Amino acid sequence: QKVKLRLALKSAVIAKSIARWVDYQDKEVAFFSALLSDLPVQVLSINDPEAQERIDEKVTKGMSEKEAEIVVRGFDHTEFGAKLFKYYSMPSPIVDLVQNDFKADRVKPKNEQLAKIVNFSKCLAACFSDRTQTPSSIWLESQKSITSLGLNLSSEEWGNKISLMFVKAIEFEMSVTN
């Protein structure tokens, strides 16, 4: 669970930086969307670890995560997350994202960019946590997201941004977890 918290914290800090790069107006919503993106799955798996094991088993055997959740629990994490976030009066863009599993092509058009920001931030956070990744492998893996967000970055600009973002993410993670 600690690893997942660290990943969520990194992705939140990264999402806020990406929001700045693309001039997304509500940087705090980007931050909290990334921070809370895996919360519904985490709550469900902590609350019923046996059910989560059965879901994981079905996914390993080829069933989609959504199908496995519906078979085991009778609902999936997106349905649960939307209800949970609505109950706690989360901003509507966050509810839309969780309800549509953070898929940019399924959220309301006004939330597409936010979904792309969150997905890119989660990808970068995972890359930063993977010691086998290099700056060039992260650059190559990021091309699709960079393009879809309309960012025109040279590899040098990217290097500067990614280095600064990496340091910010680590500093924030350390300040929160220590």
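Of the 178 residues in this protein chain, 42% count as buried. Keep in mind that what you are looking at is a predicted model.

**The overall picture**

Let's start with the fold. The protein chain is built from 10 helices and has zero strands. Read from the N terminus on, the elements go α-α-α-α-α-α-α-α-α-α. The radius of gyration is 17 Å, close to the 16 Å that the globule rule gives for 178 residues, so the chain is as compact as a globular protein of that length. If you take the principal axes, the C-alpha atoms fill a box of roughly 50 × 35 × 35 Å.

Contacts tell us something about how the chain comes together. Among those with a separation of 6 or more, 55% are between residues 24 or more positions apart.

Then there's the outside and the charges. The accessible surface comes to about 10,100 Å², and carbon and sulfur atoms own 55% of that. As for charged side chains, there are 24 positive and 24 negative ones, and the centres of the two sets lie 2 Å apart.

**A covered helix**

Now zoom in on helix α7, residues 92-99, which is mostly covered: six of its eight residues are buried. Those buried residues are P93, I94, V95, D96, L97 and V98. So what does the covering of α7's buried residues include? Four other helices are part of the answer, listed here with their residue ranges.

| Helix helping to cover α7 | Residues |
|---|---|
| α2 | 27-36 |
| α3 | 39-47 |
| α6 | 77-87 |
| α8 | 112-129 |

After α7 comes D101, and its phi is positive, near 55°.

**A look at S129**

Helix α8, one of the helices in that table, is also where S129 is found. Is S129 buried, or partly exposed? With a relative accessible area of 37%, S129 is partly exposed, because that value falls in between the 20% limit for buried and the 50% limit for exposed.

Which residues does S129 touch, leaving aside its neighbours within four places in sequence? S129 is in contact with L7 and K10. There's also a link to A125: the backbone oxygen of A125 lies 3.0 Å from a polar atom of the S129 side chain. D23 is another story, since 106 residues of sequence and 26 Å of space, C-alpha to C-alpha, lie between D23 and S129.

Definitions and conventions: Residues are numbered from 1 along each chain as its sequence is written. This is a predicted model: local features need pLDDT of at least 70, side-chain atom pairs count only at pLDDT 80 or more; totals for chains, interfaces and linings use all residues. Side-chain values use heavy atoms; hydrogens and water are left out. Helices (H or I, at least four residues) and strands (E, at least two) are DSSP runs, numbered from the N terminus. The radius of gyration is taken over C-alpha atoms; the globule rule is 2.2 Å times the number of residues to the power 0.38. Buried means under 20% relative accessible area, exposed over 50%, partly exposed in between (1.4 Å probe, protein chains only). Contact means heavy atoms within 4.5 Å. Accessible areas come from the Shrake-Rupley method with a 1.4 Å probe; for residues, only the protein chains shown count as cover. Lys and Arg count as positive and Asp and Glu as negative; His and the chain ends are not counted. The place of a charge is taken as NZ of Lys, CZ of Arg, CG of Asp or CD of Glu. A polar contact is a pair of N or O atoms within 3.5 Å; within protein, one must be able to donate a hydrogen and the other to accept it, and residues adjacent in sequence count only if both atoms are side-chain atoms.
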